[in-house]
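This report examines selected local features of one protein model. Please consult the sequence and the structure shown below while reading.

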Amino acid sequence: MYKRLSALMFPITALLLVGALVWGYQENQEKNSILIKAENQYQRAFHDLSYHVEQLHGELGNTLAVNSTSSDMHRKGLVNVWRLTSEAQNEINQLPLTLLPFSQTEEFLSKISNFSYKAAVRDFTKKPLTDNEIGNLKALYKNSGEISKDLQEVQNKVITNRLRWMDVESALATENKAEDNTIIDGFKTVDKRVAAYPELDYGPSVASIYDKRSVKKLGGKPVTAEDVKRKALKFADIGSNANVEVKENGKGTEWASYTATVTSQNQQQPISMDFTVEGGLLISYNDNRSVGPAQVSMKQAVAKAGAFLEQKGYPDMTAVSADRYDNLGNLTFVTSRDGVLIYPEKMTVRVGLDTGDATGFQASDYVRERQEKRQIPKPGMTLAAARKMLHPEFKEMYNRLALIENEDAEEVLTYEFGGRINGSQYRIYLNAADGHEEAVEEIRTSSGAQDK
């Protein structure tokens with residue numbers, strides 16, 4: 001009996017063992033194939049990064065080598081600089097550096113990219129490169145040369161010692177001797193070098209991209225929790241029996257703020273508000289009430305929201321867009337002064353379409369950009385002259401004067417034209433001084449959306 005059972009089980013066991021070995025071998029081969037593919041991708045991205053930073057250094061040198069009046073060569077050189085920095089940024093994103101401090105170098109390349117792009121797209125016949133911008137190019141040429149040299153040193157070590165990027169990924173993930181990894185040390189050296197470079201003045205158009213818009217820039221006297229409590233009670237206006245709890249956020253940081261939560265027996269859900277510490281300005285309001293089925297139109301909701309803002313101390317606000325989502329409406333209001341819409345002074349209001357009453361708003365832009373004595377220039381050309389600058393097939397629906405912030409972070413007066421072309425709806429902003437296009441926006445309408 002035992003012999004028969006052994007004779008039966010032995011071939012089965014042997015077959016299972018062989019099958020397991022084959023399966024294990026195939027799994028190991030597939031795993032090795034994936035690792036080799038990942039390693040090859042990392043190696044290619046790294047060597048391309050070193051190559052493109054070297055090319056970037058050369059292109060900056062080419063741009064500086066030509067005569068200061070060679071606008072075409074300056075434009076060509078800056079376009080190539082923008083292209084090469086974009087390539088380098090893309091290659092950095094392909095490397096396993098998420099756990100490695102390399103942010104200074106990434107921001108450095110990002111600023112070069114934005115600086116070169118914004119300079120290249122302008123009309124050099126009207127605005128040639130300034131002495132400050134030439135100085136920036138000289139500094140960037142020197143800095144990029146140093147970075148290129150550091151990366152080439154790392155590249156030589158990688159090739160000579162046959163270093164693997166998979167070891168970098170493993171070291172970063174496990175913190176296993178990461179401080180001794182040659183590649184990691186090389187990238188840390190590059191980032192430390194970049195961090196030591198003096199900050200360049202790239203101009204307002206680039207600076208605005210990296211502006212953190214700290215609440216400390218608002219100025220005003222710091223307020224206390226008691227000050228915020230009084231402000232919240234007055235704004236909520238839900239009765240004398242209301243209770244307020246105030247919490248301070250980010251104490252000691254540039255983002256410090258207060259959150260006030262107002263509750264009352266007459267109020268089903270609490271009302272929350274955020275205030276700046278500097279000046280005690282209200283930056284958001286949220287009524288958490290339940291919103292029932294829609295009963296009012298968007299037009300009625302816009303009117304009620306405008307009245308709400310007027311009552312709460314936000315005068316002269318005009319709705320410029322309204323979007324409906326189920327039983328809620330999202331409305332954008334901007335300040336209107338002397339017939340001009342001031343887009344930087346913007347706030348969004350949320351309304352419940354069951355009653356049309358406001359259920360919240362976000363006023364960060366309004367708070368930071370509000371100016372009582374903002375200077376609004378006069379149009380340098382007539383509406384009729386500006387209209388001639390539009391595409392002949394553009395079907396105009398409305399027009400109005402609007403103060404906007406352009407790509408150079410400058411406030412400019414424009415003629416805003418709303419209309420349709422190519423089956424879509426657009427807003428086109430033409431400079432009111434010379435008629436050139438400052439901005440074009442496609443209006444993507446949602447359910448019940450309106451373009452005001």
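Arg374 has a relative accessible area of 7% in this predicted model and is therefore buried, the cut-off for that class being under 20%. Arg374 belongs to the loop that connects α10 (364-369) with α11 (383-387). Two polar partners of the Arg374 side chain can be named. A polar atom of this side chain lies 3.1 Å from the backbone oxygen of Glu369. The side chain of Glu411 makes a polar contact with the side chain of Arg374, at 2.8 Å. When neighbours within four places in sequence are set aside, the residues in contact with Arg374 are Arg337, Ile342, Pro344, Glu345, Glu369, Leu403 and Glu411.

**Helix α8**

Helix α8 comprises 12 residues, 225-236. At 1.5 Å a residue, these should span 16 Å, and the end C-alpha atoms are indeed 16 Å apart, so the expected and modelled values agree. Which residues of α8 are buried? They are Val228, Ala232, Phe235 and Ala236. Because the buried residues fall within an arc of 90° when α8 is seen down its axis, they line one face of the helix. Arg230 and Lys234, on the other side of α8, are exposed.

The buried residues of α8 pack against several elements: the strands β1 (243-249), β2 (257-263), β3 (271-276), β4 (282-287) and β8 (358-362), together with helix α9 (298-311).

**Positive phi values**

Most residues other than glycine have a negative phi. Against this background, two aspartates deserve attention. Asp237, which follows α8, has a positive phi, and Asp338 likewise has a positive phi without being a glycine. Their values and settings are set out below.

| Residue | Phi | Relative accessibility | Loop |
|---|---|---|---|
| Asp237 | near 50° | 56% | between α8 and β1 |
| Asp338 | near 55° | 75% | between β6 (328-337) and β7 (340-352) |

Are these aspartates buried or exposed? Asp237 counts as exposed because its relative accessibility is 56%, where the class requires over 50%. Asp338, at 75%, therefore also counts as exposed.

The location of each aspartate completes the description. Asp237 sits in the loop that leads from α8 to β1, and β1 is one of the elements against which the buried residues of α8 pack. Asp338 occupies the loop between β6 and β7.

Conventions:
Residues numbered from 1 in each chain as written. Predicted model: local features only at pLDDT ≥ 70, side-chain atom pairs only at ≥ 80, totals over all residues. Heavy atoms only, no water. Helix = DSSP H or I, 4+ residues; strand = E, 2+ residues; numbered from the N terminus. Expected span 1.5 Å × (residues − 1). Buried < 20%, exposed > 50% of the residue type's maximum accessible area, 1.4 Å probe, protein only. Arc of directions from axis to C-beta. Contact = heavy atoms within 4.5 Å. Polar contact = N/O pair within 3.5 Å; in protein donor to acceptor, adjacent residues only side chain to side chain.
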